[in-house]
Amino acid sequence: MSTPPLDCHLANSVEKASAFRNVHEFWGGDSQIDNFVKQRLVSPHHQRATWYVGCVDGTVACSLGAFPFELSLADSIEPAIFIGCVHTRPEDRGQGFVPQLFEFVENAEQQAGVKWSLLFSDIAPSYYERLGYQVSAAPNICIKSNTSVTEGDCFKLQPFDSTEHLQALSNIYQQHFQKKPFFIHRNDDHWEHIVQQHKDDQWFWLCSDTGETVGYVLLQTSQGNTVLKDFALQNPTTEQLRRCLATLSHYCNKQHLDEIVGWFPKLPEPANDMDWYDYVDRKTEITMIKTLVPSDDNATSEEVFTSHLDTIRHVDHV
């Protein structure tokens, strides 16, 4: 039996609703399907994306969202997309539809000026490697409560209202990454989106012993789990990064939390008295990247960028 032809195109409003209805099986949780679809149709996060579908005989068989981002390179800011919510209906799986949809999306986005495509794989990354994506070894971190961590080892945490400090957040973030060859560039609209999405989560300034603000962290607690969603330091030396981790371990102890998990760049092996944090290879949310504009130094570029994908924060996940 021959594979039916797949019609790939931008989703109209009806097709977008059908795509959201299809993905409920994976991302709907305990929600009623109609409420799930309505929520996605008005969600500011999902409205940021351009939605593409692959249809068979007029019915949505597969779909994905292309979320707009910008990447800061050494001497330029380049448009990029994060691909998310990749889904194929159960009855249409195994027919090679997703690679066809990816090819269509990448071509369309490249023609629109996009130079890079990234994604977070929840399946074996070899699938997306076959589509040209390079896998990153960026790990997860687990920071545990430990009574041996004292206030003297830590920054002071000062809660603040993120909606009132957009420029300060942006400045610290930029200072953190100013010497990196590659990171996500957060323009004003991007920062506004992040703050609105996380205005009810826990934002803290990281302050020195003299009260000077040296960084920030964003924590999100949901269903009993506390996640490090974002952080930045004005001077991200190894010592300062470890002090940030000590601060979070001390916070665990004070708040009676077992641990905080999230994304954090790999540091040199901790000393024996710093065994309260550990790195774990990611089984899901594996960061991957692909250039959409081939060049002579493409292999070198992808290798450099892949080695720096731990600069991406969990708040950037789509």
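In which handedness of crossing does H1 pass H2? Keep that question in mind while selecting the two helices; the model on screen is predicted.

**Stop 1: helices H1 and H2**

Select residues 13-27 for helix H1 and residues 33-42 for helix H2. Their axes come within 9 Å and cross at roughly 120°, which makes H1 oblique to H2. The crossing of H1 past H2 is right-handed. Now show the side chains at the contact. From H1, pick Lys16, Ala17, Phe20, Arg21, Val23, His24 and Trp27. From H2, pick Ile33, Asp34, Phe36, Val37, Arg40 and Leu41. Coloured by class, the contact of H1 with H2 shows 8 nonpolar, 1 polar and 4 charged residues.

**Stop 2: Cys85 in strand E4**

Go next to strand E4, residues 77-88, and select Cys85 within this strand. Cys85 is not a glycine, yet it has a positive phi of about 60°. Is Cys85 buried or exposed? Its relative accessibility is 14%, under the 20% cut-off, so Cys85 counts as buried.

**Stop 3: strand E15 and its partners**

Select strand E15, residues 286-291. How many residues of E15 are buried? The count is 6 of 6, so E15 is largely enclosed by the rest of the structure. Turn the strand and look along it. Ile286, Met288 and Lys290 point one way, while Thr287, Ile289 and Thr291 point the other way. The residues on both sides are all buried. The general pattern behind this view is that side chains in a regular strand alternate between the two faces of the sheet.

Add strand E5, residues 116-121, which runs antiparallel to E15 and is joined to it by 6 bridges. To find the pairing, locate Trp116, which stands opposite Thr291 in E15. Then add strand E6, residues 134-135, which also pairs with E15 in the antiparallel sense, over 2 bridges. Here Gln134 has Ile289 of E15 as its bridge partner.

From E5, follow the chain into the loop that leads to helix H5 (126-129) and select Ala124. Its relative accessibility is 48%, so Ala124 counts as partly exposed. Draw a distance from the C-alpha of Ala124 to that of Pro139: the two residues are 15 residues apart in sequence and 15 Å apart in space.

**Stop 4: the seven-stranded sheet**

Display the open sheet of 7 strands, whose order is E8-E10-E11-E12-E13-E7-E14 and whose pairing is mixed. Which strands stand at the edges? They are E8 (156-159) and E14 (277-280). Each has a single partner strand, so one side of each is left without a neighbour in the sheet. From one strand to the next, the twist averages 30°.

Start at the E8 edge. E8 and strand E10, residues 202-207, run antiparallel and are joined by 4 bridges. Lys156 stands opposite Cys207 in E10, and Leu157 has Leu206 as its bridge partner there. E10 is mostly covered, with 5 of its 6 residues buried.

Stay on Leu206 and look to the strand on the other pairing: Leu206 stands opposite Gly215 in E11. E10 and E11 are antiparallel and joined by 6 bridges. The two strands form a hairpin with 5 residues between them. In that turn, select Gly211, which has a positive phi of about 90°.

**Stop 5: helices H6 and H7**

With the sheet still shown, add helix H6, residues 166-177. H6 lies across E10, E11 (213-222) and E12 (225-233), and runs at about 75° to E12. Then add helix H7, residues 188-197. H6 and H7 pack at an angle of about 110°, with their axes 11 Å apart, which makes H6 roughly perpendicular to H7. H6 passes H7 in a right-handed crossing. At the contact, Leu166, Leu169, Ser170 and Tyr173 of H6 meet Trp191, Glu192 and Val195 of H7. These residues divide into 5 nonpolar, 1 polar and 1 charged.

**Stop 6: His256**

Finish in the loop between helix H8 (238-255) and strand E13 (259-263), where His256 is found. His256 is not a glycine but has a positive phi of about 60°. At 73% relative accessibility, His256 counts as exposed, whereas Cys85 counts as buried.

How values were computed
Residues are numbered from 1 along each chain as its sequence is written. This is a predicted model: local features need pLDDT of at least 70, side-chain atom pairs count only at pLDDT 80 or more; totals for chains, interfaces and linings use all residues. Side-chain values use heavy atoms; hydrogens and water are left out. Axes are lines fitted to C-alpha atoms, for helices over the stretch in contact, and angles run from 0 to 180 degrees between N-to-C directions. Angles under 35 degrees count as roughly parallel, over 145 as roughly antiparallel, 65 to 115 as roughly perpendicular and the rest as oblique. A crossing is left-handed if the near helix is turned anticlockwise from the far one by less than a right angle, and right-handed if clockwise. Contact means heavy atoms within 4.5 Å. Ala, Val, Leu, Ile, Met, Phe, Trp, Tyr, Cys and Pro count as nonpolar, Asp, Glu, Lys and Arg as charged, and the others, Gly among them, as polar. Buried means under 20% relative accessible area, exposed over 50%, partly exposed in between (1.4 Å probe, protein chains only). Two strands pair if DSSP finds at least two bridges between them.
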